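Biologist: Please take one helix and look at it closely. Who are its neighbours, and how is it packed?

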Amino acid sequence: MTEHYLDDSVIQPFWDNSIEPRLEIDSGDTVVFDCLEANGQIEPDWTVAEYENVDRSKIHALNGSVWVKGAQPGDALEIDILDMRHKGWGWSAHRPGMGLLPEDFDFTYFHQWRVDGDTCFSTELDHISLPFEPHTGVVGVAPREKGRFSTFPPRENGGNLDVRDMVIGSTVWLPVLVEGALFATGDCHAAQGQGEVCVTGIEAPMIVTMRFKLLKGVDLPEVQLRRPSPMSKLDTQGYHITTAHGPDLMVNAKKALRYMIDWLEANHRMSRSQAYILCSVAGDLKISEIVDAPNWVVSFHMPLALFRA
């Protein structure tokens, strides 16, 4: 079994099954991906003005593609996430037209984080810290359709899943849709809540190590994964939970999030933008009840352990 290395000198901000692979591997090989942050251009000392002028054609700055020898449509890739190492910094933001509450936040806000050891520190909120709990936001293979496709929406091929559970020690299974699979990854997060409600986690450059195994004839309908416990290192001091009910899950999700932003602003010395960011990087949006028609319940959980004395 061979270990390979892919540097960050080439980015793949799209899905395309005609792309020339950067690397060919055998089943059982390990690949170390040096991943840029999601935009592939942000620096740790950037301002909001610089962030507003990012070249959005470079998002997501994925590393790949990797050709897996012998992979054919109808097979599956088994990917073990062995390690993720940060580079000392990350960022979060909201911008017009994006996130769960675009009607509430029609302006750009840019927030920086310092990552030191196993802790993420806000550069603006000295009473907030989060454990470094990294995951890969994007894991995917080339789509079966010809052409070039945006990385923003998740698809049959995986892609921008932002499932917080793709952590160190997790195993991810992806369907193979074209010969060679053409795997790529990136959009790493130092921390993220379930839902990524403002559209960013703590976006961070990282070095990611993965081991690949080809499973012949395992025809997966969509991505599956298995993760280790605990679900979060923040599960130590309980939660503040807001709820919203009604017949529309999206409306309920927006309400539950707004109620949490209200609570953070009123009780924890932060602006609405800072609260929105915190909800995205640390809070969990959940469907709590979906069986008692005509109303369903959505809840938003904020771990109390992130508030430092």
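Modeller: Start with handedness: a crossing is right-handed if the near helix is turned clockwise from the far one by less than a right angle, and left-handed if anticlockwise. This is a predicted model, where local features need pLDDT of at least 70, side-chain atom pairs count only at pLDDT 80 or more, and totals for chains, interfaces and linings use all residues. Residues are numbered from 1 along each chain as its sequence is written, and side-chain values use heavy atoms, without hydrogens or water.

My choice is helix α3, residues 272-282. Helices (H or I, at least four residues) and strands (E, at least two) are DSSP runs, numbered from the N terminus.

Begin with its helix partner. α3 packs against helix α2, residues 249-267. Their axes are 9 Å apart, at an angle of about 120°. Axes here are lines fitted to C-alpha atoms over the stretch in contact, and angles run from 0 to 180 degrees between N-to-C directions. The angle makes α2 oblique to α3; under 35 degrees would be roughly parallel, over 145 roughly antiparallel, and 65 to 115 roughly perpendicular. The crossing of α2 past α3 is right-handed.

Which residues make the contact of α2 with α3? Contact means heavy atoms within 4.5 Å. From α2 come Leu257, Arg258, Met260, Ile261, Asp262, Leu264 and Glu265. From α3 come Arg272, Ala275, Tyr276, Leu278 and Cys279. Sort these residues by type: eight are nonpolar, four are charged and none is polar. (Ala, Val, Leu, Ile, Met, Phe, Trp, Tyr, Cys and Pro count as nonpolar, Asp, Glu, Lys and Arg as charged, and the others, Gly among them, as polar.)

Now look at burial. Is α3 mostly covered or mostly open? Mostly covered: 10 of its 11 residues are buried. Buried means under 20% relative accessible area, exposed means over 50%, and partly exposed lies in between (1.4 Å probe, protein chains only). The buried residues of α3 include Ser273, Gln274, Ile277 and Val281. Ala275, Tyr276, Leu278 and Cys279 are buried too, and these four also touch α2.

α2 is one part of the cover over α3. The cover also includes β7, β8, β10 (129-131), β19 (284-289) and β20 (296-303).

Take β7, residues 89-94. Six of its six residues are buried. In a regular strand, side chains alternate between the two faces of the sheet. Both faces of β7 are covered. Trp89, Trp91 and Ala93 lie on one side, with Gly90, Ser92 and His94 on the other.

β7 pairs with β8, residues 109-116, in the antiparallel sense. Two strands pair if DSSP finds at least two bridges between them; β7 and β8 have six. Tryptophan 91 stands opposite glutamine 112 in β8.

Last, look between β19 and β20, two more strands of the cover. Proline 294 sits in the loop that lies between them. The peptide bond joining alanine 293 to proline 294 is cis, with omega about 10°.

So that is the setting of α3: an oblique helix partner, and a cover that includes strands such as β7 and β8.
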